[in-house]
Amino acid sequence: MSKIVSITGNDCATQGAALCRPDVIAAYPITPQSHVVEGLADLIYNGKLDSEMVQVESEHSACSVVQGAAAAGGRVFTATSAQGLALMYEPYFRMSTLRLPMVMALATREMTSPETIWSGQQDAMSVRDAGWIQMFCDSNQEILDMIIQGYMIAEDERIQIPVNVCYDGFYSSHLVERVEIPDQKDVDEFLPALAIPAKLDPKTPQALDPMTPGEYMLHFRKDHLETMKTVLEVLEDVDKKFEEKFGRSYGGAIEEYRTEDADVVLLTVGGMTGAGKDAVDLAREEGIKAGLIRIRYVRPFPAARIAKALEGKKAFSVVDRSVCFGWSTGPMYMETCAAVADADEKYCHFSSVGGLGGADISVEHMLDTIKMLEAQKDQPGAKDTNWLMMD
């Protein structure tokens, strides 16, 4: 039987991982994700989780350990943030391109420098082209649920690509929400036992990742990219199966809020979405036809669904908690404009950037952005970046 508790986002990542019964866990502590693996270590120590916890000397080692365990046929888990993610980049990239399924919790954090440990999404956005599936959570419940869904997606025989479950450091990782923790029996029924043949097996010795000539490299990369297209189909199916089993659905690759008759639309990523929805409601009270699209999956990017959701609208702004260096915009704004190739002809649109280094993205920021869209909605074309500054 499920139980209702009030816990942090990091605790949700811990509970979600434990419910999936990983064989091997390896991680190195870094703020703000440290509590995730501390919680798993506590469960193992107290005999509540039958997993092997490997204490390592760095994030590079943590990713290397789970890489080896996954290659040997195990279900594995780790978690990190910011500089930790940067340090593990070499095995992180190899994890995806060797097609080793796993789930990694990523409590997103701003990247140094200037020196900071606070919230931002720059770390995750900076590695979005390293071949992983990346999804962003809006609530603590979603963190727990997406760890479970993440394993089903990653381990699907058609996919075999690792998954990042991303959530805002401090805002989600350390704050408490009411959460329903599923019963272990129900998770066991939902998530099949790992059945992918081991790539490393002493009974059948073989070379793993030998030197690869260009003509084969092209084949591997093309297959990886084609599989990412399949992910868009699989994740929708997994979301429906999860709803049937646990009664919760997140809409698949995107979530739409009051978009049916909207003229102006905000696009959000992660925990800022609640403020965005409140702003939409306030704008509606003032007679502005506002709506919101939450981008749940950054990789693979749901270009077709976003383009369809924006059909018939007049204006949009993508709110990013990170920047695209060299473009003076946010990365998800760039991706959205690429998805809507004729945006300049159809829409008034602009990038909104805020929440860097732990700064708040408030309801007022979101409402001001909606009013800017409303004022310019009949003037198609790209506008200057809207910087959401702290008050």
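Colleague: Which residues lie nearest the centre of the largest pocket?
Modeller: This is a predicted model. The largest pocket holds about 530 Å³ of space. Its lining counts 18 residues. Nearest the centre of the largest pocket lie Thr97, Leu98, Asp209, Thr212 and Phe220.

Colleague: Which element gives the most to the lining of the largest pocket?
Modeller: Two helices, α5 (89–97) and α9 (214–246), each supply at least two residues of that lining. The top contributor gives five residues. That element is α9.

Colleague: How many residues in the lining of the largest pocket are charged?
Modeller: The lining splits into three classes. Four residues are polar and seven are nonpolar. The charged residues number seven.

Colleague: Which residues are closest to the centre of the second largest pocket?
Modeller: The second largest pocket has a volume of about 370 Å³. It is lined by 16 residues. Closest to its centre are Ala18, Leu19, Lys48, Leu49 and Gln184.

Colleague: Where does the largest share of the lining of the second largest pocket come from?
Modeller: By class, that lining has eight nonpolar, two polar and six charged residues. The largest share is three residues, from one helix. That helix spans residues 9–19 and is α1.

Colleague: How many cavities of 30 Å³ or more does a search of the whole structure find, and which residues line the largest?
Modeller: The search finds one cavity of that volume or more. The largest cavity has a volume of about 70 Å³. Its lining divides into eight nonpolar, two polar and one charged residue. The lining residues are Ala70, Ala71, Gly73, Gly74, Leu100, Pro101, Leu194, Ile196, Pro197, Ala198 and Lys199.

Colleague: Which helix gives the largest share of the largest nonpolar core?
Modeller: In soluble globular proteins, nonpolar side chains tend to be buried together. Here the largest nonpolar core has 48 residues, and Leu40, Phe77, Ile133 and Ile147 have the most contacts inside it. The largest share, nine residues, comes from residues 140–155, helix α7.

Colleague: What is the size, in residues, of the second, separate core?
Modeller: This core stands apart from the largest one. It includes Tyr92, Met104, Ala262 and Val265. Its size is 45 residues.

Colleague: Which residues is Ile147 in contact with, leaving aside neighbours within four places in sequence?
Modeller: Ile147 is among the residues with the most contacts inside the largest nonpolar core. One partner, Phe77, is also in that group. The full set is Ala13, Gly16, Ala17, Cys20, Phe77, Val103, Ala105 and Val165.

Colleague: Is Thr259 buried or exposed?
Modeller: Thr259 sits in the loop between β9 (254–257) and β10 (264–268). Leaving aside its neighbours within four places in sequence, Thr259 is in contact with Gly291, Leu292, Ile293 and Lys313. Its relative accessible area is 4%, and the cut-off for burial is under 20%. Therefore Thr259 is buried.

Colleague: What is the radius of gyration of the protein chain?
Modeller: The secondary structure comes to 14 helices and 16 strands. For 391 residues the globule rule gives 21 Å, and the chain comes close to that, so it is as compact as a globular protein of that length. The radius of gyration is 21 Å.

Colleague: What percentage of contacts between residues at least 6 apart in sequence join residues at least 24 apart?
Modeller: The C-alpha trace spans about 70 × 55 × 45 Å along its principal axes. Of the 391 residues, 56% count as buried. Among the contacts in question, the share joining residues at least 24 apart is 81%.

How values were computed:
Residues are numbered from 1 along each chain as its sequence is written. This is a predicted model: local features need pLDDT of at least 70, side-chain atom pairs count only at pLDDT 80 or more; totals for chains, interfaces and linings use all residues. Side-chain values use heavy atoms; hydrogens and water are left out. Helices (H or I, at least four residues) and strands (E, at least two) are DSSP runs, numbered from the N terminus. Buried means under 20% relative accessible area, exposed over 50%, partly exposed in between (1.4 Å probe, protein chains only). Contact means heavy atoms within 4.5 Å. On a 1 Å grid over the protein atoms alone, a cavity is a set of points where a 1.4 Å probe fits but cannot get out, and a pocket is an open set with protein on both sides within 12 Å along at least five of seven lines; lining residues have an atom within 4 Å of a point. Grid points are joined across faces, edges and corners, and a volume is the space filled by probe spheres set on the points. Ala, Val, Leu, Ile, Met, Phe, Trp, Tyr, Cys and Pro count as nonpolar, Asp, Glu, Lys and Arg as charged, and the others, Gly among them, as polar. A nonpolar core is a set of buried Ala, Val, Leu, Ile, Met, Phe, Trp, Tyr and Cys residues joined through side-chain atoms within 4.5 Å. The radius of gyration is taken over C-alpha atoms; the globule rule is 2.2 Å times the number of residues to the power 0.38.
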